[in-house]
Amino acid sequence: MATQSMTVGAKSGSNSAGYKRIVYIICAVAALGGLLFGLDQGFIANSLTTIDGYYHLGVQGGERYSAILATGGIVGALLSGIFARFLGRKRSLLFAGFIFTTASALSAMLPSLPVLSACRFALGFGVGVASFIVPLYLAETAPAAIRGSMGTLFQLMITIGIFLISLTNVLIARAFTNPSTSLPLMFLTITLFAALMFFGGFILPESPRWLMLKRRKEQAIAVLQRTLNTQQEIDAEIAEIEQALHGPQGAGISIVLRGYFFKVLVVGVLLQMFQQLVGINMMIYYSPTIFGYAGITGFLAAMTVPTVNMIFTFPAIHLVEKWGRKKLLYVGAVAMLVTMIAAGAAFQSIGANPAGISGTVKAVLLASAVVYIFGFAVSWGPVAWLVCSEIFPLEGREVGMTITTMVNWTFAGLVMGNALSFMNAHGNASIFFVFGGFCLLAILFVAMFVPETKGITLEEMEFNLKAGVPLRRLGERSAVRTGN
Ligand code: BGC
C-alpha cells in the first residue's frame, strides 16, 4: 500500500516548473489501481441480496463467493514479485488491468456459478498484483517530491472505491429490482473503471528503475526525459538509480532464517493478522446484512460504513506523521474494542426478535458501527500497511512485504468466509465479543512489540535492527548509543 513510496524515499528533487502532463497520467492510472482494489473489496455489501436473488447462494454460499477474492489476492500477491521482475512494471499493470476488465465483463454476462466464482478469484488475483505493482511503479516513476503523497493516495483510493461501489450498487438495486438487469449493471461499473486502467496503461512509460535493472539505460533516460523537467534532475535520478543498483539487492526467501529479519517479520505478520482479526471486513462486507438482523434497513444500513470509512481515512494521512503510528494504533484499537463490546451487548439484548428492537438499541448499534469504522479508518487501515513498508531491511523488503500481504489476505478470507455463519451458529452477539477479544490482544501486541517508526529514516532503523536493538525501541534514534 503506502509501501515503496516510503522506501525509495522522497529526496530533494522537486520540480520548479510544475509537472509534465505525463506525470498526471501516471498518477491517475495508478490511482485507478487503488480504486479497483476498493471496487472489488466493497462490491459485496450492497450486492449480496441481488446476487442471492439470481444465484440463490444462501448464507454459506454467499460467504464462499465473497471470500474467494481473498484466495485470488493471496496468489496474486505471491506471484506479483515475479511478474514485476520478469514482465516489467508496465506490463504487469496492463496485465492486472486486463484481468479486471475481462473478469468483471464476464461476470456481467451472469455465467454459471463456477465461472462466476472463477471470475471473482481472478478479480482477487488482479487486486493482489495491483496492490504490489501500483505503489512500486509509482515509487519508481513519479517524481521524487510527490512519491510520498502518491503512496497515501493509493490507500485513500481503496476507501473511495469501496464507497463508490457501495453507492452505485444501492442505486442500481433500487432502480432495477430484477436481478438479471441489476447484477450485470453492478459488474459493468467495475468494467468501466477497469477498462480505463487497461487502456490508460498503454500510454504509461516503463519504470526507469526496471529499465536500468535490465541494463537498458538509453530507454531509462528517454523515460526520464518525458517525466522530468531538467537535465540536472535526469542526471541526479540516473546517478541515484545506479547507486541503488550497486547496493544490497533483493535477497531470496532464505532471508527469513536470519534472526534480525525473522524478528521484524513476526511484527509485520502479527500486524496484518490483527488488522483483519479486529473484524473490519465483517463490517465492510456484511454491515447491511448485520444491520438487517437488527431491523435497520435502507440507505442508512447500506451507506454508513463505507462513508465513514472513506471520510476518516483523510485525517489519518496527516495524523500518522503528527501523532505517530503507535498512538493511532492504540486509539483505533480502543475505539474498536469498546464498540465491539457495545454492539455485542446490543445484539444480546435484541435476542432472536429484531421486530421488537427499541430506538435506543438501534442508536447504540449505529453509533457503535460509526465509531468502530472511524477507529479502523484512522489507524489500523493505513498504519498496518505503512509500518510493514517501513520495518524490513532493504534486501528483504520484497520478501517481507509479499509474506505480510499474503497474511493480510489469508485472515481477510477467514473473516469474509466465516463471519455470518459464525453468527448464525453461535448467536448474533458472539462474533462481536470474539473480535473485541482480538482488539484487546492487538493492544497488548502493540505495547510489547511494535516500534514507533515516525521520524526515523529507514536506514537508521535498519542499523538498529542489525545492532540487536529490541523491537519496541527500533525506531528510537539513540537506541544503539544508549547501549542496547
Ligand atoms: C484492509 C482491507 C479493508 C480496507 C477497508 C484495508 O487497509 O486491508 O482488508 O477492506 O482497509 O478500508
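**Close-ups of helix packing and the ligand site**

H13 crosses H18 in a right-handed way. That is the starting point for these legends, and keep in mind that the model is predicted.

**View 1. Helix H13 packed against helix H18.** Here we zoom in on H13, residues 280–293, and H18, residues 397–426. Their axes sit 9 Å apart and make an angle of about 20°. Angles under 35 degrees count as roughly parallel, so H13 and H18 are roughly parallel to each other. The crossing of this pair is right-handed.

**View 2. Helix H12 packed against H18.** Now H18 is shown with another partner, H12, which covers residues 259–277. The two pack with axes 8 Å apart, at an angle of about 25°. H12 is therefore roughly parallel to H18. As for the handedness, H12 goes past H18 in a right-handed crossing.

**View 3. Helices H16 and H17 side by side.** H16 takes in residues 325–350, and H17 takes in residues 359–390. Their axes come within 7 Å and cross at roughly 150°. Anything over 145 degrees counts as roughly antiparallel, so that is the label for H16 and H17. The H16–H17 crossing is left-handed. What sort of residues make up the contact of H16 with H17? Sorted by class, there are 22 nonpolar residues, six polar ones and two charged ones.

**View 4. The ligand and the residues around it.** In this close-up, 13 residues surround the ligand. The closest are Gln41, Gln275, Gln276, Asn281 and Asn309. Which side chains place a polar atom 2.9 Å from a ligand oxygen? Gln41 does, through an N or O atom of its side chain. Gln275 also has a polar side-chain atom 2.9 Å from an oxygen of the ligand, and Asn309 has one at 2.9 Å from a ligand oxygen too. How much of the ligand does the protein bury? On its own the ligand exposes 310 Å², and the protein buries 98% of that.

Notes:
Residues numbered from 1 in each chain as written. Predicted model: local features only at pLDDT ≥ 70, side-chain atom pairs only at ≥ 80, totals over all residues. Heavy atoms only, no water. Axes fitted to C-alpha atoms, helices over the stretch in contact; angles between N-to-C directions. Helix = DSSP H or I, 4+ residues; strand = E, 2+ residues; numbered from the N terminus. Parallel < 35°, antiparallel > 145°, perpendicular 65-115°, else oblique. Left-handed = near helix turned anticlockwise from the far one by under 90°. Nonpolar A, V, L, I, M, F, W, Y, C, P; charged D, E, K, R; others polar. Near = heavy atom within 4 Å. Polar contact = N/O pair within 3.5 Å; in protein donor to acceptor, adjacent residues only side chain to side chain. Areas by Shrake-Rupley, 256 points an atom, 1.4 Å probe, with all protein chains shown as cover.
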